[in-house]
Amino acid sequence: MIDKGCEVNYDFKNGFILGEEHLQILSSKIKERYPEEELIYKITKNNSYIFQTLDINEIFKEENSNANIINKLEIIINNEDTVNFSLCFEKGKNTSLKIIGTNKDRIFLLYNEIKTYVEKEITTVKIFFKNNDLFEIYVYILLSLLSLLFLFIVFIEPDLSYNKKEIEDILNSSDIHLKLNFLINKQSNEYFHKYDASIIPSSIAIVLIFLCLFIYIFNKNRILKITDYFLFGKQKNVYEKK
C-alpha cells in the first residue's frame, strides 16, 4: 500500500485524435520509466461492453465500427506498493492523467513526458465546449435571437431626414406642394432606407440565423465535430472521410 510519495493530476482541455502510433509511443514511454510493471489496457465500448488486455495488439485488432465503437480507453498500472498510473481517453470528456507513487523524481519525470507528448501530439483539436448539449442549445438560441433583434432594429429604424421643427412647419403650412414633396421624400427615404441601405446587414443577420441552426443540427449528430477519435479499425476510414 502506497503510504508516502506524491500524487499528480492533469486534465487536458482539447479534443483528442488517438492512433496506433500514439498508443505505441505512450506505452514505450511508460515502460521506459517502469519496465517492471504490467500495462493494462481497458476498453469500454458504446454498448457498455468492457474488456481488459495486456497485449496492445489486441486493441489494434478491434473492429471499432459504428455498431461497437470504442468510447473509452484507459492505460493503467495498478501496483499498490509502487505506483498507480491512469491515462484515460474518453469521447466527450477531458482526457485525464493521474499518477500516485513512492518515488517523487520518477513520478514527475513520467508525468512531464506523458503530459508534453499528449498535449503536442494527441489532444490537438481545439474546441469551445464538449458534450454539453444544453449549453449548446442556449448558445445557438442566443445568437439567433441577437440576429433577429438586429434585423428588427434595421427595419424599424425611424426616418431621421427631417427634424421635429421642420415637420411641424410643413404640417402647419398652407402650401400643398410643400406637403406633397414632404410625403414623397419621406416615402422615398423609407423605401431606400429599408430595401437598399439595409440589404447587407439584413442579409448578414439572416445568414447568421441559418448558420446557427446549421451548426446546432450537425453538432447534435457530431458530424462537424472532428474530434475524440480512436483511429483503430474502421474508424480510420470514417475519420479520413470526414
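# Notebook: helices, strands and a few residues

I began with helix H3, where Lys 104, Asp 105 and Lys 120 are exposed, on the other side from the buried residues. A reminder to myself before going on: this is a predicted model.

**Entry 1: the rest of H3**

Which residues of H3 are buried? I found Ile 107, Leu 110, Tyr 111, Ile 114, Tyr 117, Val 118 and Ile 122. They cover an arc of only 150 degrees around the axis, so they sit on the same side of H3. That pattern made sense once I recalled the general rule: an α-helix has 3.6 residues a turn, so residues three or four places apart point the same way.

I then looked up what the buried side packs against, and noted strand S1 (6-12), strand S2 (17-19), helix H1 (20-33), strand S6 (83-90) and strand S7 (95-101).

For the length of H3, I noted 19 residues, running from 104 to 122. From its first C-alpha to its last, H3 reaches 26 Å, close to the 27 Å expected at 1.5 Å a residue. At the start of the helix, a side-chain oxygen of Asn 103 comes to within 3.3 Å of the backbone nitrogen of Asp 105.

I also checked Glu 121, which belongs to H3. Its relative accessibility is 42%, so I filed Glu 121 as partly exposed. Glu 121 and Ile 17 are 104 residues apart along the chain, yet their C-alpha atoms are separated by 8.5 Å.

**Entry 2: helix H1**

H1 came up as a packing partner of H3, and I went there next. H1 has 14 residues and spans 21 Å between its first and last C-alpha, close to the expected 20 Å. Its buried residues are His 22, Leu 23, Leu 26, Ser 27 and Ile 30. They cover an arc of only 130 degrees around the axis, which means they lie on the same side of H1. Glu 21 and Glu 32, on the other side of H1, are exposed.

What covers the buried residues of H1? My list includes S2, S3, helix H2 (56-60), S5, S6 and H3.

**Entry 3: the S3-S4 hairpin**

Strand S3 (residues 40-45) and S4 run antiparallel, with 4 bridges joining them. Tyr 41 is the residue I found opposite Thr 53 of S4. The hairpin has 4 residues between the strands, and there Ser 48 takes a positive phi near 70 degrees.

Which side chains of S4 (residues 50-53) are buried? Phe 51 and Thr 53 are, and they point to one face; Ile 50 and Gln 52 point to the other face and are not buried.

**Entry 4: Ile 75**

Ile 75 is part of strand S5 (residues 70-79). Its relative accessibility is 0%, so it counts as buried. Beyond its neighbours within four places in sequence, Ile 75 is in contact with Leu 23, Leu 26, Ile 30, Leu 39, Ile 40, Tyr 41, Phe 85, Ser 86 and Leu 87. I was pleased to meet some names again: Leu 23, Leu 26 and Ile 30 are among the buried residues of H1. I also noted a spacing of 9.9 Å between the C-alpha atoms of Ile 75 and Gln 52, which are 23 residues apart along the chain.

**Entry 5: Gln 235 and Ser 65**

Gln 235 is in helix H8 (residues 235-241). Is Gln 235 buried or exposed? Its relative accessibility is 3%, and anything under 20% is called buried, so Gln 235 counts as buried.

I looked for its polar partners. A polar atom of the Gln 235 side chain lies 3.2 Å from the backbone oxygen of Asn 64. A polar contact of 3.2 Å also joins the side chains of Gln 235 and Asn 66. Neighbours within four places aside, Gln 235 is in contact with Asn 64, Ser 65, Asn 66, Ile 69, Tyr 229 and Phe 230.

That led me to Ser 65, in the loop between H2 and S5. Ser 65 has a relative accessible area of 10%, so it is buried too. Its side chain makes a polar contact of 2.9 Å with that of Asn 68. With neighbours within four places set aside, Ser 65 is in contact with Lys 234 and Gln 235.

**Entry 6: stepping back**

I counted up the whole protein last and wrote down 8 helices and 8 strands. Buried residues make up 35% of its 242 residues. Of the contacts with a separation of 6 or more, 68% come from residues 24 or more positions apart. The protein exposes about 14,900 Å², with carbon and sulfur atoms supplying 57% of that area.

Note on methods:
Residues numbered from 1 in each chain as written. Predicted model: local features only at pLDDT ≥ 70, side-chain atom pairs only at ≥ 80, totals over all residues. Heavy atoms only, no water. Helix = DSSP H or I, 4+ residues; strand = E, 2+ residues; numbered from the N terminus. Expected span 1.5 Å × (residues − 1). Buried < 20%, exposed > 50% of the residue type's maximum accessible area, 1.4 Å probe, protein only. Arc of directions from axis to C-beta. Contact = heavy atoms within 4.5 Å. Polar contact = N/O pair within 3.5 Å; in protein donor to acceptor, adjacent residues only side chain to side chain. Pairing = 2+ DSSP bridges. Areas by Shrake-Rupley, 256 points an atom, 1.4 Å probe, with all protein chains shown as cover.
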